[in-house]
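Reader: Hello! I have a model open and would love a close look at a single part of it, with whatever helps me place that part in its surroundings.

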Amino acid sequence: MSQPPLQHVTVLGSTGSIGTNTLNVIARHPDRYRVYALTAHTSKEVLLAQCKVHRPHVAVLNDPRDAQWLHDELAEAGITTQVLAGPEALCDVARESQVDTVMAAIVGAAGLLPALAAAESGKRVLLANKEALVMSGALFMDAVARSGATLLPIDSEHNAIYQCLPAQHRGGLARHGVRQLLLTASGGPFRTWSLEDIATVTPDQACAHPNWSMGRKISVDSATLMNKGLELIEACWLFDASPEQIQVVVHPQSVIHSMAAYDDGSVIAQLGNPDMRTPIAYGLAWPERIDAGVETLDLFQVARLDFEAPDEKRFPCLRLAREAMVKGGAAPAILNAANEVAVDAFLEGQLGFSAIAEVVAEVMGQPFEGSADSLEQILAADKWAREQAALKIQR
Ligand code: NAD
Ligand code: MG
């Protein structure tokens with residue numbers, strides 16, 4: 001077999017959970033991948049260690065003083081990586097002409113502009129940053145179509161669905177004989193808890209996910225089921241589906257990562273150990289397959305697979321997200337922003353766990369006149385929702 005061309009990769013958010021898993025896969029295949037740029041918000045020591053191993057052309061930190069520190073440390077180690085600072089540099093390393101592939105693994109709305117920059121400049125975009133697509137779905141998909149970018153979902157459920165659909169699945173699910181997408185959810189750590197007990201959840205309890213090891217924000221989202229709500233919106237955009245075509249199925253073992261149900265009665269599922277290196281390796285190598293360092297699933301050890309319907313009474317965030325998608329326009333961006341502010345406040349100990357959904361519902365209930373036809377409008381909706389959420393939390 002001929003050697004595949006070398007891919008030059010920018011990893012946005014390289015110090016996070018997805019970022020470090022990406023570098024783990026890349027390090028297994030030095031003949032296929034070179035790191036062009038690594039970026040982090042504040043984790044300068046981790047970024048320094050990553051630069052020593054991967055020797056990127058560019059490294060980005062948010063604060064110029066942190067960037068100066070990293071520059072000095074690298075110079076002392078004899079490493080010539082250029083160090084940049086600030087949000088604009090994130091967009092620069094995403095659109096850089098030498099870059100083939102961009103892993104979008106910044107958490108939250110902060111990742112929108114660089115992910116969009118990658119989409120607009122026709123890269124292979126590995127999308128982990130679901131919030132970017134939730135906020136700007138129409139705009140983002142339009143940018144991908146116009147630039148000819150290759151968009152590969154890294155979120156495990158969407159990656160699974162991608163694998164279960166025909167290779168060419170554009171133009172609506174019905175055209176391809178797909179009746180429904182079955183989006184699996186672990187149910188989070190409080191799946192079996194009563195409403196009263198859920199109200200007492202602490203940040204440490206919320207961040208201890210039973211099956212997946214992830215960043216703190218997505219761990220809280222998984223516990224409230226907002227993560228599944230954001231994923232429902234994400235799936236609508238990625239697969240040109242309506243919310244009614246997507247069924248959320250709680251599957252506590254997290255072994256089936258999602259499914260596609262066809263008109264002839266077939267249901268195709270993708271299974272594997274819950275390890276994000278599988279979807280990351282899929283995205284990096286597509287349409288080929290490479291070793292991700294993940295063991296083959298031991299079905300005898302799994303032994304059984306359980307399924308149940310989600311309980312939207314105990315976990316209202318899922319319903320709120322579906323409502324936002326049905327409403328359309330700026331509603332998903334508003335939902336996302338209010339949730340980010342509420343999750344931050346919860347992690348800081350300023351808000352109870354159950355109040356996350358209450359804050360999101362209250363902000364969504366406020367009249368908002370704007371739309372989501374342009375980036376400016378989306379950013380304005382995001383800003384407005386953050387202000388509204390902050391007011392409700394202070395009250
Ligand atoms: P994380 O918190 O572990 O890492 C976030 C990364 O983004 C870090 O490198 C951090 O430095 C950077 N970052 C944070 N705020 C930033 C800012 N304001 N500006 C620039 N960079 C910033 O998060 P994670 O768990 O790796 O998740 C990353 C994204 O991937 C999220 O959107 C999440 O929903 C999605 N995702 C994660 C998983 C998972 O298993 N962790 C699975 C599916 C999807
Ligand atoms: Mg997921």
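In which loop is the place of serine 254? I would be glad of a walk from there to the ligands.

Author: Happy to take you through it, and please keep in mind that this is a predicted model. Serine 254 sits in the loop that runs between E9 and strand E10 (256-262). Its backbone deserves a second look: serine 254 is not a glycine, yet its phi is positive, at about 50°. Serine 254 has a relative accessible area of 6%, so it counts as buried, the limit being under 20%.

A useful partner for your inspection is aspartate 240, in the loop between helix H11 (226-239) and strand E9 (246-250). Aspartate 240 also has a positive phi, about 55°, although it is not a glycine. Its relative accessible area is 45%, and aspartate 240 is therefore partly exposed.

While you are checking backbone geometry, look at the peptide bond from tryptophan 286 to proline 287, which is cis with omega near 5°. Proline 287 belongs to the loop between helix H12 (277-285) and helix H13 (299-302).

Now to the ligands. The magnesium ion (ligand 2) is held by Asp155 (OD), Glu157 (OE) and Glu231 (OE), at 2.1 to 2.2 Å. Along the chain, these donors follow the spacing D-x1-E-x73-E. Two of the coordinating residues can be described further: aspartate 155 counts as buried because its relative accessibility is 7%, and glutamate 157 counts as buried at 8%.

Ligand 1 is surrounded by 22 residues, and the closest are Thr15, Ile18, His41, Glu131 and Gly215. This shell divides into 11 nonpolar, eight polar and three charged residues. Domain 1 (7-153) and domain 2 (156-312) each contribute at least three residues to the shell, while helix H1 (17-27) and helix H6 (130-147) each supply at least two.

For the polar side of the site, follow the oxygen atoms of ligand 1. One lies 2.8 Å from a backbone N or O atom of glycine 215. A backbone N or O atom of serine 17 is 2.9 Å from an oxygen atom of the ligand, and for a polar backbone atom of glycine 13 the distance is 3.2 Å. Ligand 1 taken alone exposes 830 Å², of which the protein buries 87%.

Methods:
Residues are numbered from 1 along each chain as its sequence is written. Chains are lettered from A and ligands numbered from 1 in the order in which they are written. This is a predicted model: local features need pLDDT of at least 70, side-chain atom pairs count only at pLDDT 80 or more; totals for chains, interfaces and linings use all residues. Side-chain values use heavy atoms; hydrogens and water are left out. A residue is near a molecule or strand if one of its heavy atoms lies within 4 Å of it. A polar contact is a pair of N or O atoms within 3.5 Å; within protein, one must be able to donate a hydrogen and the other to accept it, and residues adjacent in sequence count only if both atoms are side-chain atoms. Accessible areas come from the Shrake-Rupley method with a 1.4 Å probe; for residues, only the protein chains shown count as cover. Helices (H or I, at least four residues) and strands (E, at least two) are DSSP runs, numbered from the N terminus. Ala, Val, Leu, Ile, Met, Phe, Trp, Tyr, Cys and Pro count as nonpolar, Asp, Glu, Lys and Arg as charged, and the others, Gly among them, as polar. Domain bounds come from an automatic or database domain assignment. Donors are N, O and S atoms within 2.8 Å of the metal (3.2 Å for Na, K and Ca); water is not among the atoms, so sites may look incomplete. Buried means under 20% relative accessible area, exposed over 50%, partly exposed in between (1.4 Å probe, protein chains only).
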